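Visitor: Please take a close look at one part of this model, the pairing of its charged side chains, and then follow the neighbouring contacts as far as they help to place that part in its setting.

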Amino acid sequence: RHWNGGGNLDGDPNGLLELALHAAAWLAISLALYERAPQLDTPVVRWGWKILGALGAFAAICGSLIIGNPLDSRESVGAWPLFNMLGLAYLVPALLAGRFAMTATGRGHARLASIVGGAALVFGFVYLSLEVTRAFRGSVLSAADLSDGEMYTYSAVWLLYGIGLLVLGLWLGLASLRYAALAMVGLTILKVFLYDMAALAGVLRVLSFLGLGLSLLGLAWVYQRFVLGAVRKSVASSP
């Protein structure tokens, strides 16, 4: 507050940067306390990570996603990919929440793992989508209209995000990530058929359907080979 407010501690948060810094700081301290909780079993640690985690989640959701959303403001997010305010506001919370989910899964805290894991997926999705917006519209996201190229790129990036989640889910052996991947692919399918079919024209329309079709064939093969195949082997080897 002191740094972003120019030395003044009063007043409202000054835009997306300060909101994102608050959220990242609170979430990072909460994660550090949660990681150390088994070794430092004190009331301060037990309640500290919960309180700071709730504050960080509130700042990230209500602050970065709603109040400071760059789609509704004319605030510049920066011209560079990754190293910009979008990375701080959405990628950093996604990574912190992902680490939270991994630690919670290892400790058997299934409900917490599901909540923070879902938050990680949502913030990752928002980050990738807004990076596409920044790539086409520049540093001010609300300054331009939606183009065919931008709309096609959303479909491609969402599909790649789903494929990445599927690969990660297979690698880590997590069914929840595989289900999230299928949901992401399903969302992309809905977008292609409900929007791209009518909005896109010419080569982009052909590429949208061709890319989706090839990706679905590949995903079907991967699921058949690595998921259903593993299930059949497990059933066959059981007494």
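Guide: A good place to begin is D41, which is exposed, with a relative accessible area of 54%, a value that lies over the 50% cut-off for that class. The model is a predicted one, and every value that follows should be read in that light. The partner of D41 is R46, and the two side chains meet in a salt bridge with an N to O distance of 2.7 Å. R46 itself counts as partly exposed, because its relative accessibility is 36%.

This pair is one of five salt bridges that the structure holds. Another joins the side chains of R1 and E18, with 2.5 Å from N to O. Since R1 belongs to the segment before α1 (15–36) whereas E18 sits in helix α1, this bridge ties together parts that are 17 residues apart in sequence. The two ends of the bridge have their own settings: R1 is partly exposed, its relative accessible area being 25%, while E18 is buried, with a value of 2%.

Also among the salt bridges is the one in which the side chains of E131 and R134 meet, at 2.8 Å from N to O. Because these residues stand three residues apart in helix α4 (residues 110–137), about one helical turn separates them. Both E131 and R134 are buried, whereas D41, with which this account began, is exposed.

Staying in helix α4, one comes to S129, which is likewise buried, as its relative accessible area is 10%. The side chain of S129 makes a polar contact of 2.9 Å with the side chain of W158. Once its neighbours within four places in sequence are left aside, S129 is in contact with Y154 and W158, and both of these appear among the buried residues of α5.

Helix α5 (residues 148–172) therefore deserves a word of its own, as the polar contact of S129 leads to W158, one of its buried residues. This helix has 25 residues, and its reach of 36 Å from first C-alpha to last is close to the 36 Å expected at 1.5 Å a residue. Its buried residues also include E150, M151, S155, V157 and L159, and, further along, Y161, G162, L165, L166 and G169. After α5 comes G173, whose phi is positive, near 70°.

Two further places, away from the charged pairs, help to complete the setting. In helix α3 (residues 85–106) lies F100, which is buried, since a relative accessible area of 6% is under the 20% cut-off. Not counting residues up to four places away in sequence, F100 touches L27, S30, L31, Y34, W49 and V116. The C-alpha atoms of F100 and A120, which are 20 residues apart along the chain, are separated by 9.2 Å.

The other place is in helix α7 (residues 203–237), where L210 is found. With a relative accessibility of 46%, L210 counts as partly exposed, and together with V203, V206, L207, L214 and L217 L210 makes a nonpolar surface patch of about 590 Å². F100, by contrast, is buried.

Key
Residues numbered from 1 in each chain as written. Predicted model: local features only at pLDDT ≥ 70, side-chain atom pairs only at ≥ 80, totals over all residues. Heavy atoms only, no water. Helix = DSSP H or I, 4+ residues; strand = E, 2+ residues; numbered from the N terminus. Expected span 1.5 Å × (residues − 1). Buried < 20%, exposed > 50% of the residue type's maximum accessible area, 1.4 Å probe, protein only. Contact = heavy atoms within 4.5 Å. Patch = residues over 30% accessible without salt bridge, like charges linked within 9 Å, V, L, I, M, F, W, Y side chains within 5 Å. Areas by Shrake-Rupley, 256 points an atom, 1.4 Å probe, with all protein chains shown as cover. Salt bridge = Lys/Arg side-chain N within 4 Å of Asp/Glu carboxyl O. Polar contact = N/O pair within 3.5 Å; in protein donor to acceptor, adjacent residues only side chain to side chain.
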